[in-house]
Amino acid sequence: MRHSPATMDSLLTKPAGPAIQQTVLLVGPQSDAPPGLLPLLHSLGAQSQHADSGERALEILVAEDIALVLADVALPGMDGYALTQWIRENSRTRHIPVILLSNGVWDAAAIARAYEAGAIDYLGRPVAEPVLSSKVAVLLELDGNRRRLRQAISHIDSTKAYYESMLNAAGEGVIGLDRDGHMRFANPAARLMLKVENDQLVGADYRMFYPFPAGDVPHWEHTPFFHTLRHGKETRIEETIFMRHDRTHFPVSLCVSRLAGNGDGLVIVFQDISQRKALEEALRRQAVTDPLTGLNNRSGFKSAFRIALDRARRARKSVALMFIDLDHFKRINDTLGHAAGDFLLAAVATSIRECVRSYDIVSRIGGDEFSVVLDELDDASSAAQIAGKILTALRCPFRLEDGMQVTISASIGIASFPECSDDVDMLMQAAGVAMYQAKSDGRNLYHFYMPEMNAKARHRLMLEQALRVAVEDDGFFLHYQPQVDIGTGRVVGYEALLRWDHDRIGSIAPSTFVPMLEETGLIIPMGQWVFSTGCRQRHAWNSMLPEQCSLSVNLSPRQFADKNLVPQIQRVLEANQLPPYQLEIELTESMLMSNTEHTRNLLRSLKDLGLKLSVDDFGTGYSSLAYLKQFALDALKIDKQFIDHLTTSSKDKAIARSIIQLGHNLGMQVIAEGVETADQVETLQQLGCDVVQGFYFGRPVPAGEVGRIPQAVAVGAQ
Ligand SMILES: Nc1nc2c(ncn2[C@@H]2O[C@@H]3COP(=O)(O)O[C@H]4[C@@H](O)[C@H](n5cnc6c(=O)[nH]c(N)nc65)O[C@@H]4COP(=O)(O)O[C@H]3[C@H]2O)c(=O)[nH]1
């Protein structure tokens, strides 16, 4: 049932007063009313109608709402008795009082007939005015009361229907309880939520839907409902449990109020909050879970770690925190792509999980950083065994989605409670410091935290900050090292090497700051700076150096993955009017190993530009040589470690010979790096090496000193 706002308002206010129009029907052949009647009606606010026959009176009675009939007994056609009888027999008119009037005498038979027909009174003409007045006034007052009662009942019916329809339509469950906790009412929503029929519910007590905590007897006096009943205050409960008829539980929020007026009971309005709770739980889980691996994320880890520490404190046990960082993971991401990186991280997560007990807390707390909390240890040293187990597991090759096998390693830092600290953040910091120590000690290691490590960690942090400042403030410069043709002794190229002098520390080795540039991503702007500075310098040397003399520039894995690399190099070449054959790019084996579309496209584009491509540190990286035949490479650079003992180690000599033969067989030039002695030069000459580079011919020098390097040196005869 729908109510317009206007109807609703009228229903909610008290019924209106007696704005009732009462009509008295006078039925008789004479058109004149009994004396004094009309002024009386006027004073009572009533009006009159006249019918000269019984038939006409019937028409009026059917059509209009008549309060009182004054009818003559003698009428043309239907007489007053018949009219009265008709009025009584008709359901619409039966409540209308009829007074019969007669010009004759009212004998006993006439009176009996009048009452039998249904008249409530009779009067003889001429009618005594006071008698008529008093009867009419009383009858009209009774009629008025009857009408007002009818109005009130109708108002109550509408109001009831209105509230019922509201209760039925409400999404909230509404339950009415009496003062003993028995249910008197439940709206459809409540019945639906509780999975009960109305007849099962009415009369049953509150225990049907309100379960007490496990095992307790639910005393009515201990319920919040009774509390509301006693104190009269509305009670709101944000979360409690209700029980369905099938005894399953569900969470609700509710409001209990005492019934208004004389109602001796309570009304409970409740909502099923299962969905809201499920959503909250999902959001909570999402907030503490790493979507890639399903492990805790950083914030999940912290709260789980905090709980583990509290537990260990109570049980007087140790807890070990391991900080695991994958070695050179960025290289994988940069060369094989992010999808492969993600796949590998998920596999690493599984592998770490398999190394620990099910209740140890494994989390991914950053890109390639994992942590393990080893709970309730008797002795922190057993963490060492697990760290070793994890390192071994991670060393096993992982097979990527495309079938390619990848081998990685990790560095692990371990800090233990209570030895290192009892604070979550301090323990994390300590494990991080120990992890950095493991990295700088050569990676694929684990280290327990020791207090003196802090100094090293601070040093690294300071360096990292200084590095950022140097990148912004142009604090870098290039040195150039000559490369000499072993046959002619002519300088055929220079390698550009990046240098950084720190104000206080002095010169910092590229082996220290290049990995930091790489890790921080600063290698991208710095790499670009090296290209443009080197190429500008090579152009400036045009008059001094032979045209074929090239400039080699090192490329880092991050630059290799950068989509803007080729257009940037092209712009630098154009800006400095440098022919592309004067620029050589030094790549590492790891970059070439990933036979991805990106690698193939990039190498093709670099070749299409006309650049020379060489493989740096050859022999130290991956063992697969397949890439050598796939890509059009120009030169192999034999790593210094094979040159160092070239003259004393037959094995190193054999390796150098093999690399030279391999390079030549594939049509590549071979360059030896780190050549420091005449003996090494002589041996390399015998092995057929093409170009040599090393302190023997010249250390890397600033651009201004390159002019002093002789463009040809005597080789082999020293
Ligand atoms: N002991 C000894 N060392 C010799 C001798 N001849 C050359 N060297 C050193 O060997 C390194 C050769 O460079 P690399 O293998 O490309 O190895 C480079 C390269 O991987 C990286 N690097 C340097 N500059 C850059 C740069 O601009 N960009 C990138 N991405 N990496 C760079 O840093 C590495 C180290 O550079 P440096 O310290 O300048 O070290 C240079 C050079 O000074 C020798 O006879 N004896």
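**Close-up 1. Val24 and its bridge partner in the predicted model.** In β2, Ser48 is the residue that forms the bridge with Val24, as seen in this model, which is predicted rather than experimental. The bridge partners lie in a parallel arrangement, in which strand β1, covering residues 23–27, is joined to β2 by 5 bridges. Strands of a sheet pair through backbone hydrogen bonds, and this pairing may be either parallel or antiparallel.

**Close-up 2. The open sheet that contains β1 and β2.** Five strands make up this open sheet, and following the order β2-β1-β3-β4-β5 the pairing is parallel. The edges are formed by β2, residues 47–51, and by β5, residues 121–124, each of which pairs on one side only. From one strand to the next, the twist averages 20°.

**Close-up 3. Helix α6 against the sheet.** Helix α6, which spans residues 129–169, lies across β1, β3 (68–72), β4 (98–102) and β5. Relative to β3, helix α6 runs at about 140°.

**Close-up 4. The shell around the ligand.** The ligand is surrounded by 21 residues, of which Leu498, Pro510, Asn554, Gly694 and Phe695 are the closest. Two or more residues of the shell come from each of the elements β19 (491–502), α17 (510–520) and β23 (612–618), and among the contributors α17 gives the most, with 3 residues. By character, the residues of the shell around the ligand comprise 9 that are nonpolar, 7 that are polar and 5 that are charged.

Key
Residues are numbered from 1 along each chain as its sequence is written. This is a predicted model: local features need pLDDT of at least 70, side-chain atom pairs count only at pLDDT 80 or more; totals for chains, interfaces and linings use all residues. Two strands pair if DSSP finds at least two bridges between them. Helices (H or I, at least four residues) and strands (E, at least two) are DSSP runs, numbered from the N terminus. Axes are lines fitted to C-alpha atoms, for helices over the stretch in contact, and angles run from 0 to 180 degrees between N-to-C directions. Two residues are in contact if their C-beta atoms, placed from the backbone, lie within 7 Å. A residue is near a molecule or strand if its C-beta atom, placed from the backbone, lies within 6 Å of it. Ala, Val, Leu, Ile, Met, Phe, Trp, Tyr, Cys and Pro count as nonpolar, Asp, Glu, Lys and Arg as charged, and the others, Gly among them, as polar.
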